[in-house]
Amino acid sequence: MSLLNEIPEALGHLIELLKICFNNNGKMKEFINDAIEFIRHFYIPITTSAPHIYLSALPFAPQRSVIHSQYKNKFGNTVLRLGSIEQDWIYKGIKVYHHESGVACVAFSKGGNEILAGLENNTIGIWDITTGKIIAGPFNSHTDWVTSVAFSQNGKQVVSGSDDKTVRIWDMESGTIAAGPFEGHTDWVRSVAFSPDGKQVVSGSYDTTVRIWDVASGTIAAGPFEGHTDYVRSVAFSPDGKQVVSGSNDKTVRIWDMESSTISAGPFEGHTHCVRSVAFSPDGKQVVSGSHDKTVRIWDVESGTIAAGSFEGHTHWVRSVAFSLDGRQVVSGSDATAVRSGSTSLDGMPVALGLNDQHIRITQSPGTPPPETPLPSTSPIFESPTFNEPPSALAKYFPFNLEEDEPLDVPLKSPEDLREDRLTLP
């Protein structure tokens, strides 16, 4: 399957086989589970070169791996690993590759089973997070980088914003444009989101404005909202759809009233650098913001004061923030040379990170115990001799406890691959 470039298919078949395996076939289940983890853990080297299944992946499998125990001694002249070896698989996430283009933005589907990505080659793709297989796309129509994407609440449509200054609505089933392009912005569109009822879309642009679009007609339903004095980097609807929050390079956060098209709260001031990402809490009473000043802040919508924070710990720009479903925690993704964008699934557990190295990393929240059917796992970069990237703690991913104002766990690691591009502009 590696030679045929069908590793995702193999993974999918193993998962299906596991479902039909009889309860009394314990050894078979153990072997299938181990094979699934083996593929997920060493996805990159074994898709790159089939011989590395034996030459590099096998020696780095955990000591209690069934595959390691059964086959290690049958293959000589393999890589010799020095130092301690893990006893069991480490559950960290999956890397879903795109070989041809960098990943500019990511978003989860409502069910959390698919990941949507906007790419630097002007296209959009949708992947199955279990197998890493592309299941829809590429959607082609934009003429410049796709910098923001989101699913509709019913999962039937996708919205995209692009550096071509347009917003487009895509039909998931056919992969064709369902509405748009919506034209009106005079500069790059850097953030888009559906309203809770899916009837409207909000967009934020480098032209300093926020616009609300009617999905059915493609016309402006509200706005443009004017007030920011610099690029608008992030926008989001409130849970009731009556307000929109925006974050800007002018270092402020603003809340807009949908009905009157005026500022209903703000500007919230306190960040010392541009505000890169904003999001409402599930009850709509708070807003979280992440900034290039390396901090995360929680704002009270009614009073405009800081409700919690500022949270410090990141060593580089904070690019993406989101609340957990219960509103008690916040996840933030930092630049740290690798992370482009982030998205949390609706159960508040897995987190998707879009990376500069043409990867999407899907990971569990730190401290989350392995599930009965393990989430996809990723190989630590330094363990495989087929990788050119040196080990380095590059991607920071901090879930903060809002009551204690502290990171709950240590940051993750991801490959070092810093490239000059438009997304690093302050």
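Pro267 is found in strand 17, which covers residues 263–269. In this predicted model, the peptide bond that joins Gly266 to Pro267 is cis, and its omega is about 5 degrees. A second cis bond runs from Gly223 to Pro224, with omega near 5 degrees. Pro224 belongs to strand 13, made up of residues 220–225. Most peptide bonds are trans.

Strand 17 also holds Phe268, which takes part in one of the aromatic pairs described next. A search of the whole structure finds six such pairs. The rings of Phe182 and Trp213 have centres 5.4 Å apart and planes at 20 degrees; because planes under 30 degrees apart count as stacked, this pair is classed as stacked. Phe182 lies in strand 9 (residues 177–182) and Trp213 in strand 12, so their pairing ties together parts that are 31 residues apart in sequence. Both Phe182 and Trp213 are buried.

The rings of Phe268 and Trp299 are likewise stacked, with centres 5.5 Å apart and planes at 25 degrees. Phe268 is in strand 17 and Trp299 in strand 20 (residues 296–300), so this pair links parts that are 31 residues apart in sequence. Phe268 and Trp299 are both buried. The two stacked pairs are set out below.

| Pair | Distance between ring centres | Angle between planes |
|---|---|---|
| Phe182 and Trp213 | 5.4 Å | 20 degrees |
| Phe268 and Trp299 | 5.5 Å | 25 degrees |

Aromatic residues also gather in a cluster, which is formed by Trp188, Tyr206 and Tyr231.

Strand 12, which contains Trp213, spans residues 210–214 and also contains Arg211. Arg211 is buried but has no salt bridge. Its nearest side chain of opposite charge belongs to Asp207, at 4.2 Å. Because a salt bridge requires a side-chain nitrogen of Lys or Arg within 4 Å of a carboxyl oxygen of Asp or Glu, the 4.2 Å between Arg211 and Asp207 does not qualify. The side chain of Arg211 does make a polar contact of 3.4 Å with the side chain of His185.

The surroundings of Arg211 can be described further. When neighbours within four places in sequence are set aside, Arg211 is in contact with Gly184, His185, Val201, Val202, Ser203, Ile220, Ala222 and Pro224. His185 thus appears among these contacts as well as in the polar contact. Pro224, also on that list, is the residue that follows the cis bond from Gly223.

Backbone geometry is also notable at two loop positions. Most residues other than glycine have a negative phi. Lys165, however, has a positive phi, near 75 degrees. Lys165 sits in the loop between strand 7 (157–162) and strand 8 (167–171), and its relative accessibility of 36% makes it partly exposed. Ser261 also has a positive phi, near 60 degrees. Ser261 is located in the loop between strand 16 (252–257) and strand 17, and with a relative accessible area of 28% it counts as partly exposed.

Among the helices, helix 2 comprises 16 residues, from 26 to 41. The distance from its first C-alpha to its last is 22 Å, close to the 22 Å expected at 1.5 Å a residue. Buried residues in helix 2 are Ile32, Asp34, Ala35, Ile36, Glu37, Phe38, Ile39, Arg40 and His41.

Methods: Residues numbered from 1 in each chain as written. Predicted model: local features only at pLDDT ≥ 70, side-chain atom pairs only at ≥ 80, totals over all residues. Heavy atoms only, no water. Helix = DSSP H or I, 4+ residues; strand = E, 2+ residues; numbered from the N terminus. Buried < 20%, exposed > 50% of the residue type's maximum accessible area, 1.4 Å probe, protein only. Lys, Arg positive; Asp, Glu negative; His and termini not counted. Polar contact = N/O pair within 3.5 Å; in protein donor to acceptor, adjacent residues only side chain to side chain. Contact = heavy atoms within 4.5 Å. Phe/Tyr/Trp six-rings, centres within 6.5 Å; stacked < 30°, edge-to-face > 60°. Expected span 1.5 Å × (residues − 1).
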